[in-house]
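The following exercises introduce a structure step by step. Each task is followed by a worked solution.

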Amino acid sequence: MNEKASVMIVDDNVTLCDNMAIILELEGYAVSTANDGAEAIERVRGNPFDLIFMDIKMPVMDGVETFRRIKTIRPEVVVVMMTAYSVEDLIQAALQEGALGILRKPVDIEGMIAFVKGVKQDRGTALILVVDDDPETHNSFKNVLTKRGHKVGIAHSGKEAIAMAQEKVYDIIFIEAGLPVINGLETYLAIKEINPQSVVIMMTAYRQEMADLVDQALNMGAYTCLYKPLDMETVLMLVKEIWQRKRNTRSMC
Amino acid sequence: MVRAAMEGIALIGLDGNVTEANEEAVQMFGFRSEDELLGRNALELLAQRDRKRAMVDIQEAFQEGAVRYIECSLTRADGSEHPAEIRASVKRDASGNPVGFIGIIRGTTEREWSAQAAQKAREYAESVLDTVRESLVVLDAHQRVISANRFFYRTFQVTPEETEGQLLYALGNHQWDIPSLRELLEEILPKNTSIEGFEMEHYFPNIGRRTMMLNARRIYTEMNRTEMVLLAIEDISDRKAMQEELVRKEKLATLGQLAGGLGHELRNPLASIKSSAYLLNRLLEQPDPKVKRALDALDREVLACERIISSLLDFVRQRPPLQRRVDINNIVRQALSRANIPQNVEVVSQLDETLPAANADPDRLGTVFANIILNAVQAMPEGGRLIVKSEVPDPDWAAFSFADTGVGIAAENLPKLFEPLFTTKARGIGLGLPMVKTLVEAHGGTIEIQSEVGKGSTFTVKLPIRREVA
């Protein structure tokens, strides 16, 4: 990237907002600030920012709502949320809306600068399959992952998943443990036969009831198990972790 | 003649009705006068179930002319039954013709009766006492054991032979010679008729450290004219542990709300301080050394604040473990290599390499081991040895022990170690071990501590390792 990105900081903490702006300006970026949601929306009208850092909890209009409204003006906007609070609902909502990440306060400034540097770089796309009979889960994965450039396939049953795995080699597969007819473990074992390279992550809402099945899946080589309601931040962390590892092994070959 | 007899005597006519009876007989049947008894059918004076047999006996007495002994129960006037033995013989006139018979009734006397009743009552009481799931001991006035119930013998693993007649304090190698018990029995109880809910914690050689709830009551026995003490001993250790667990959980919840609110609230101003310090560092190209020192201090201390808040929030926000297939020995090794272990602490690693892979959250187990190692190191300010061991005591479990040669933990502090905010350290907020316990339990495991002041402590973490299902 030759062209330096333009950045906006949105935070009702004026000191933090100004400090971050000055620091990024020193790094050579063009920076604007806004101290509430309405002001941020106004700024967006006049300037297509490459990246917006936005406090998630602000008076009057919170970060997620501000993000939604900004998207109606600039659908391609890239937003990183900042939070001092464990406002889980807002965090999950922001990820569903497509926020690129969540920065915890006090913000690690080196990390923030790295974020800005990397924002325009090509991120590469992972091919992901979600196997679940619950449409809510499909939507969550689609919302969160496609907005980050990943390709998401959906299977409603074990049978469908196995058929899809025969068509394409998926990088990462999320499988609900308690699938009807062919359960999650059987689905996993069948897919493992077809494509041993796929990294499989089990999911379940029933930690106790599914404990044995999950244990067996882990014993057979499943990567980990996520418990519902899903924490999409963890999903993103895992996808990033697996994807980076895969890319590294590929580039080594 | 009849009236002077010591036994109950009744004359019965050939029609089977009573024709004459002495005072004893009248009393035995529970009537107020002889008149009430006369004319009654003799068989009807017997318990229903005995009548048929009595009839046969009497007929045989008639035929053989011999004396028959009939054991039966009398039906008394009030309907109650009274065991008796009747000697029946035929009464004949001068020419030898039978005119009826004589029944000599030897009723079990009032005294025998009450002794029997007492025996029955005692058997009843004893069977009740033996069923009670609480230890009961009866002591004489000098704290000697008169008797104890079955539960007592079972709980304390002693026999009646080695218990009865012994001084309570001398029982089982003086395991009951407890100052607080002496005080209860010798000082408090004599001033009261009963004591309830007296709690006593004691180490018993056979069963370990237990908390006992004692109820004691003085009983005066009319018969022996002596005082006895009934001592009820209830083992409330488990209940107490549960209560303590509940208190711990409540404390955690309260702490969680407080910590959550406070920690988050502090992060905003911290963010301002941190970014200001960063900015100053950037803006001041060649700062005065004093300024530089102050800026470094700002950075460092903000980081310290962050760490405290993070540990607080991690503790509050308990997420399910993110399990992976891992070699737990590796997690131990990693924790050891990351730990800041001073030169004067020697680490001895005895890891069982046959330990199978297990499903666990490597990050959280890492936190667990790091905390235990940190504690061990801090317990050895003068240096020492840390022995780290892993074992597979049985196929389903792996045990990881960390034994230090440090200062040890005072016995009274042991139960409090896992309570949040309990700390004996000058610096520390008392969240390390409670978090360790919570994380270990989230893995379905347990943690135990053995410690001796001046010698050191051993922390043992046991984790379930499930085998592959064939």
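pLDDT is the predictor's confidence in each residue, from 0 to 100. Helices (H or I, at least four residues) and strands (E, at least two) are DSSP runs, numbered from the N terminus. This is a predicted model, in which local features need pLDDT of at least 70 and side-chain atom pairs count only at pLDDT 80 or more, while totals for chains, interfaces and linings use all residues. Residues are numbered from 1 along each chain as its sequence is written, chains are lettered from A and ligands numbered from 1 in the order in which they are written, and side-chain values use heavy atoms, with hydrogens and water left out.

**Exercise 1. Identify which elements of chain A have the lowest and the highest mean pLDDT.**

Solution. Begin with the whole chain: the mean pLDDT of chain A is 90, and 95% of its residues reach 70 or more. Next, turn to its elements: H10(A) has the lowest mean, 82, and strand E8 (residues 172–176) of chain A has the highest, 96.

**Exercise 2. Describe the largest nonpolar core and state which helix gives it the largest share.**

Solution. A nonpolar core is a set of buried Ala, Val, Leu, Ile, Met, Phe, Trp, Tyr and Cys residues joined through side-chain atoms within 4.5 Å. Buried means under 20% relative accessible area, exposed over 50%, and partly exposed in between (1.4 Å probe, protein chains only). The largest core has 51 residues, and those touching the most other members are A:Ile52, A:Met54, A:Met81, A:Phe141 and A:Phe174. Its largest share, 7 residues, comes from helix H10 (residues 232–252) of chain A. Apart from this core lies another, of 45 residues, including B:Leu252 and B:Phe400.

Now examine one member. With contact meaning heavy atoms within 4.5 Å, and residues up to four places away in sequence not counted, A:Phe141 touches several residues, among them A:Val130, A:Phe174, A:Met203 and A:Val235.

**Exercise 3. Locate the partners of the salt bridge between B:Arg106 and B:Glu7, and classify their accessibility.**

Solution. A salt bridge is a side-chain nitrogen of Lys or Arg within 4 Å of a carboxyl oxygen of Asp or Glu. By this rule there are 36 salt bridges over all chains. In the pair set here, the N to O distance is 3.5 Å. B:Arg106 lies in strand E5 (residues 98–107) of chain B and B:Glu7 in the segment before strand E1 (8–13) of chain B, so that the pair, 99 residues apart, links distant parts of the chain. B:Arg106 counts as partly exposed because its relative accessibility is 49%. B:Glu7, with a relative accessible area of 22%, is also partly exposed.

For comparison, B:Glu196 bridges to B:Arg217 at 3.9 Å. B:Glu196 counts as exposed, because its relative accessibility is 61%, whereas B:Arg217 is partly exposed at 43%.

**Exercise 4. Characterise the interface of chain A and chain B: how many residues are in contact?**

Solution. First, count residues: 37 of chain A are in contact with 29 of chain B. Second, consider buried area, the accessible area (1.4 Å probe) that two parts lose on being put together, summed over both. The chains bury about 3100 Å² between them, 50% of it on carbon and sulfur atoms. A:Tyr85, A:Pro106 and A:Asn219 supply 20% of the area that chain A buries against chain B, more than any other three residues. Third, look for charged pairs: the rule finds 2 salt bridges across the interface. A:Glu241 and B:Arg324 meet in a salt bridge, at 3.1 Å from N to O.
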